[in-house]
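Welcome to this guided tour. Please open your viewer, and let us go from stop to stop together.

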Amino acid sequence: MTRATADLYDEFGEELQSLSVQFRSFGDRAAFDGPIRTIRCVEDNALVKTLLATPGDGAVLVVDGGGSLQTALMGDMIAESAVAHGWAGVVINGAIRDSVAINDLALGVKALGTNPRKSAKLGAGEIDVEVSFGGVTFRVGAHLYSDEDGILVER
């Protein structure tokens, strides 16, 4: 990403949605951007693992975990898979684990926090559906921009 989110907002204003959730940053990429893919799942990361093991082609996975901090939806092994498969970043409306290891990976990660507890692995949830949280609607294919100041999404 070559332009800061503040500069993008100054130029495009209301053409961009600004996420109000104050996520924590993880991973070695403070700034990242790409087309959106989505998952809706709560306390079950089987779909996250499956999707991040497919070619990302510079995409950003947005996971609506319902804001739950009860279990982690991504750990270091899934994050390593995302890097190996070319994903630019992951935004999780929920928790991650293995944050120290994830911080060494060439991946942008935003999450609400951390929890060492594993999630279920039943495959409950939906892939590539419209998800909304923090005043933003995330649609598959829309562009997401993230940096130290926050997250912007095309309308």
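Helices (H or I, at least four residues) and strands (E, at least two) are DSSP runs, numbered from the N terminus. This is a predicted model, in which local features need pLDDT of at least 70 and side-chain atom pairs count only at pLDDT 80 or more, while totals for chains, interfaces and linings use all residues. Residues are numbered from 1 along each chain as its sequence is written, and side-chain values use heavy atoms, with hydrogens and water left out.

**Stop 1: S119**

Select S119 to begin. You will find S119 in the loop between β6 (108-114) and β7 (126-127). Is S119 buried or exposed? Buried means under 20% relative accessible area, exposed over 50%, and partly exposed in between (1.4 Å probe, protein chains only). S119 has a relative accessibility of 8%, so S119 counts as buried.

Now add N45 to your selection. The side chains of S119 and N45 are joined by a polar contact of 3.0 Å. A polar contact is a pair of N or O atoms within 3.5 Å; within protein, one must be able to donate a hydrogen and the other to accept it, and residues adjacent in sequence count only if both atoms are side-chain atoms.

Which residues does S119 touch? Contact means heavy atoms within 4.5 Å. Not counting residues up to four places away in sequence, S119 touches E43, D44, N45, T71, A72 and L73.

**Stop 2: E43 and D98**

From that list, pick E43. E43 sits in the loop between β3 (32-40) and α2 (46-52). With a relative accessible area of 30%, E43 is partly exposed. Look at its backbone too: E43 is not a glycine, although its phi is positive, about 55°.

Next, go to D98, in the loop between β5 (89-96) and α4 (99-102). Phi of D98 is also positive, near 60°, in a residue other than glycine. The relative accessible area of D98 is 33%, so D98 is partly exposed.

**Stop 3: A95**

Step back along the chain to A95, in strand β5. Its relative accessibility is 0%, so A95 counts as buried. Leaving aside neighbours within four places in sequence, A95 is in contact with several residues, including S68, T71, L73, G113 and N115. For a distance to try in your viewer, choose the C-alpha atoms of A95 and H143: these residues are 48 residues apart along the chain, and the atoms are separated by 23 Å.

**Stop 4: V63**

Now select V63 in strand β4 (residues 60-64). V63 also counts as buried, at 0% relative accessibility. Not counting residues up to four places away in sequence, V63 touches I39, C41, V48, L73, V90, V91, I92, N93 and F133. To link back to the start of the tour, V63 and S119 are 56 residues apart in sequence and 14 Å apart in space, C-alpha to C-alpha.

**Last stop: the whole chain**

Clear the selection and zoom out. The protein chain has four helices and eleven strands. Its C-alpha trace spans about 40 × 30 × 25 Å along its principal axes. Buried residues make up 48% of its 155 residues. Among the contacts in the protein chain with a separation of 6 or more, 74% are between residues 24 or more positions apart.
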